[in-house]
Amino acid sequence: MSEPKPLRFAAFVMNTTSHILHGAWRAPDARQTDFNSLQHWIDLAKTLEEARFDFIFFADVVGLYDDYQGDWKKFVDTGLQIPSNDPLVLASALASHTENLGIAITSSILQEHPFDFARKISTLDHASNGRIAWNIVTSLSQNAWRNFGYDGITAHDDRYAWAEEYVDVVYKLWEGSWDDGALIQDKVRGIHADFDKVHKIHHVGDRYRVEGPHLVAPSPQRTPVLFQAGSSPTGRRFAARNAEAQFIVSPTPQAAKGLVDDTRRLAAAAGRDPQDIQFFQGLSFVIGSTEEEARRKAAELDEYIDPSTIIAHSAGGLGFDLGFYDLDTPIGEIKTEGTQSTLLWLREAVPDREPTVRDLAELRSRSGRVVGTPEQIADRLAEWRDAGVGGVNVINATIPNSYIEFAEHVLPVLRERGLAQREYAPGTSRRKLTGRDTLPDTHPAAAYRGAFAEKVEVPA
């Protein structure tokens, strides 16, 4: 039997002040308030690359979460993901200051037309020499949908049907519009590209009509590394068909194993190799030289954590204003078209009874937190790996210190145990994640390779 592979590590960040552990930005060593500074992000990227992190993973939103206690004042008062800047704009700068660090960008199907998005991602993949990843999301807040001209959020399963067409459009552009060897740049003959190897895609679907061709020649990866975070049944089916890495927030390794096994089963049913999907668990770490020190630091962190803002964040994802609910209200009484993964996570965390709003408040504030010595943390991470998790999205309490402490104290122990890489593998982000520079033939995007070779003009 082959040796287990090292875990992959991504720094889970957002171009804002208050991302996940709300209130922690008030700690003396927190630099999250510098999020407007490009140098802030360049310095962090350099720190992560020196520590051999695999990715810097940018979350993003395109609207406020739904109201808390009747309006959106809470979000502005506490900086709950507002102000929030576009991470896509940072990517080329971070790529120019690093050589190996993957750069994962969250972008919703709602916010950009697929033709324009495909062009931007291909440009970034060229600029980074193949280090771009895309986290595919469908946007879960009413405000986000109204920002783009809709009356409200589209039903959960309909959003994923939309996402299926969206990814099909970008797959056609990335994989099918240009053949290998199409870009010639022959100065003697004056031929820049081979017309017979460049194709229009003539996509006509329920939401999009895209003629093509793709305006960018094939980038090192063509299709970027694909992340996805849906944990609902529909989300898992989408991930099984499309994702190469799925971001999960399971409450225990045992719960993660169930999700991993089910998603791999769905991948096989979709005709893919189940092992083509890696799973990244979201975890935060409080590190001490002794267990007592770690617990003391955790208690100090809790002094800054704002539970009501965490409720506002979680409730916003559900699409319900929990500010007016009694804390003992059973979650099962709340019907929503918002994110289903929050409800699934809560039921997994409280398996012996119907969870309540109070459970959501208390559990979310310590969700995924691992407290202990580096050795104890390594023990815990080994349990996650044994459950089928291939990577960790490291959630910060403070930037940059959460990552500096993890790099200085935990990663050396992980490397000694074979749980973390010592050096970067050569090649693109995909090769570093999966061992391949290109998508496997069983991925749906691969079906478009050579699919448009015959020049067919479709009437308008």
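**Salt bridges, cores and pocket of the predicted model**

The structure holds 27 salt bridges. It is a predicted model. Side chains of opposite charge can pair when their charged atoms come close. Several of these pairs are described here, followed by the nonpolar cores, single residues, record-listed positions and the largest pocket.

One salt bridge joins the side chains of D262 and R236, at 2.8 Å from N to O. D262 sits in helix α8 (residues 253-269), while R236 sits in helix α7 (residues 233-242), so the bridge ties together parts that are 26 residues apart in sequence. D262 and R236 are both buried. For D262, the relative accessibility is 18%. This residue counts as buried because the value is under the 20% limit.

D262 also meets R265 in a salt bridge, at 2.5 Å from N to O. Here both partners belong to helix α8. D262 and R265 are three residues apart, so about one helical turn separates them. Elsewhere, E112, D116 and K120 form one network, joined by salt bridges that share partners.

A further pair is E244 and R430, whose side chains meet in a salt bridge of 2.8 Å, N to O. This pair links distant parts of the chain, 186 residues apart. E244 lies in the loop between α7 and β10 (245-248). R430 lies in helix α15 (residues 429-434). E244 is buried, and R430 is buried too.

The nonpolar interior comes next. The largest nonpolar core has 85 residues. Those with the most contacts inside this core are F9, F53, F285, L381, F406 and L414. Helix α6 (residues 156-176) gives the most to the core, with 10 residues. Another core lies apart from it and has 23 residues, among them L21, A24, A59 and A245.

F406 shows how the largest core is connected. With neighbours within four places in sequence left aside, F406 is in contact with F9, F53, F285, I287, V394, L411 and L414. Among these partners, F9, F53, F285 and L414 are also listed with F406 as having the most contacts inside the core.

R415 lies in helix α14 (residues 401-416). Its relative accessible area is 16%. R415 is therefore buried. Outside its neighbours within four places in sequence, R415 is in contact with A51, R52, A420, Q421 and R422. The fold also brings R415 and L7 to a C-alpha separation of 9.8 Å, with their positions 408 residues apart along the chain.

N147 has another setting. This residue is found in helix α5 (residues 142-147). The relative accessible area of N147 is 46%, so the residue is partly exposed. Leaving aside neighbours within four places in sequence, N147 is in contact with V62 and G63. N147 and L110 are 37 residues apart in sequence, and their C-alpha atoms are 9.8 Å apart in space.

Some positions carry a record annotation. Under "binding site", an unreviewed UniProt entry lists D60, T106, H156, Y160, S231 and S232. Two of the listed residues are described further.

Y160 lies in helix α6. That same helix gives the most residues to the largest nonpolar core. At 9% relative accessibility, Y160 counts as buried. Not counting residues up to four places away in sequence, Y160 touches T138, Q228, G230, T234, G235 and F238.

S232 is placed in the loop between β9 (225-228) and α7. Its relative accessible area is 4%, so S232 is buried. Helix α7, at one end of this loop, also holds R236 of the salt bridge with D262.

The final feature is the largest pocket. Its volume is about 570 Å³. The lining of the largest pocket has 24 residues. Of these, K5, R264, Q275, Q278 and G390 lie nearest the pocket centre. Two elements, α13 (374-386) and α15, give two or more residues to the lining. Helix α15 gives the most, with three residues. R430, the salt-bridge partner of E244, lies in this helix.

Technical notes. Residues numbered from 1 in each chain as written. Predicted model: local features only at pLDDT ≥ 70, side-chain atom pairs only at ≥ 80, totals over all residues. Heavy atoms only, no water. Core = buried A, V, L, I, M, F, W, Y, C linked by side-chain atoms within 4.5 Å. Buried < 20%, exposed > 50% of the residue type's maximum accessible area, 1.4 Å probe, protein only. Helix = DSSP H or I, 4+ residues; strand = E, 2+ residues; numbered from the N terminus. Contact = heavy atoms within 4.5 Å. Salt bridge = Lys/Arg side-chain N within 4 Å of Asp/Glu carboxyl O. UniProt positions renumbered as here; feature names shortened; annotations may be inferred. 1 Å grid on protein atoms, 1.4 Å probe; cavity = no way out; pocket = protein on both sides within 12 Å on 5 of 7 lines; lining within 4 Å. Points joined across faces, edges and corners; volume = space filled by probe spheres on them.
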